[in-house]
Amino acid sequence: MAYEVLKSEELGNVKFEVFRDNEGNFIAYCRELCISTSGDSYDEAVRNFHEMFRLYIECCTEYGTLQADLASHGVILTHKKNVIQWKE
């Protein structure tokens, strides 16, 4: 089933979409990284996505798997501070 995207958002240059499911929950989803969160409101879903993304980076960094995991999703890190570049 296709869902209507309410809005596309960005966290730095990481793009994610927010939509509503059949039960009325707001879902924030980053297609490139397969990361999603939900919330009872649009703003809560966006806040939860920011936290989820922070935890994703933190955990991967702690385990030394960040570059490998990003590469598995077609993403490369650049040497610029806080920049993630998507492979074309």
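**Why these labels? Thr37 and the salt bridges**

Author: Let's start in strand E4, where Thr37 lies. Please keep in mind that this is a predicted model.

Reader: Happy to. Why is Thr37 called buried?

Author: Its relative accessible area is 11%, and buried means under 20%, so Thr37 earns the label.

Reader: What makes the pair Thr37 and Ala45 a polar contact?

Author: A polar atom of the Thr37 side chain and the backbone oxygen of Ala45 are 3.3 Å apart. The limit for such a pair is 3.5 Å, so the distance falls within it.

Reader: Which residues does Thr37 touch, leaving aside those up to four places away in sequence?

Author: They are Phe26, Ile27, Ala28, Ala45, Asn48, Phe49 and Met52. Ala45 is thus one of the residues touched by Thr37.

Reader: On to charges. How many salt bridges does the structure hold?

Author: There are three. One of them joins the side chains of Glu17 and Arg31.

Reader: How do you know that Glu17 and Arg31 form a salt bridge?

Author: The N to O distance is 3.0 Å. The cut-off is 4 Å between a side-chain nitrogen of Lys or Arg and a carboxyl oxygen of Asp or Glu, so this Arg and Glu pair qualifies.

Reader: What makes Arg31 exposed but Glu17 partly exposed?

Author: Arg31 has a relative accessible area of 53%, and exposed means over 50%, so the name fits Arg31. Glu17 comes to 22%; that value lies between the 20% and 50% limits, so Glu17 is partly exposed.

Reader: Let's look at helix H1, which spans residues 42-63. Why do Arg54 and Glu51 count as a salt bridge?

Author: Their closest N and O atoms are 2.6 Å apart, and the cut-off is 4 Å, so the pair counts. Arg54 and Glu51 are three residues apart in helix H1, so about one helical turn separates them.

Reader: What about Glu58 and Arg54?

Author: Here the closest N and O atoms are 2.7 Å apart, again within 4 Å, so this is a salt bridge too. Glu58 and Arg54 are four residues apart in the helix, which means a separation of about one helical turn. Through shared partners, Glu51, Arg54 and Glu58 form one network.

Reader: Why are these three called partly exposed?

Author: The relative accessible area is 40% for Arg54, 36% for Glu51 and 41% for Glu58. These values lie between 20% and 50%, so partly exposed is the right term for each.

Terms used:
Residues numbered from 1 in each chain as written. Predicted model: local features only at pLDDT ≥ 70, side-chain atom pairs only at ≥ 80, totals over all residues. Heavy atoms only, no water. Buried < 20%, exposed > 50% of the residue type's maximum accessible area, 1.4 Å probe, protein only. Helix = DSSP H or I, 4+ residues; strand = E, 2+ residues; numbered from the N terminus. Polar contact = N/O pair within 3.5 Å; in protein donor to acceptor, adjacent residues only side chain to side chain. Contact = heavy atoms within 4.5 Å.
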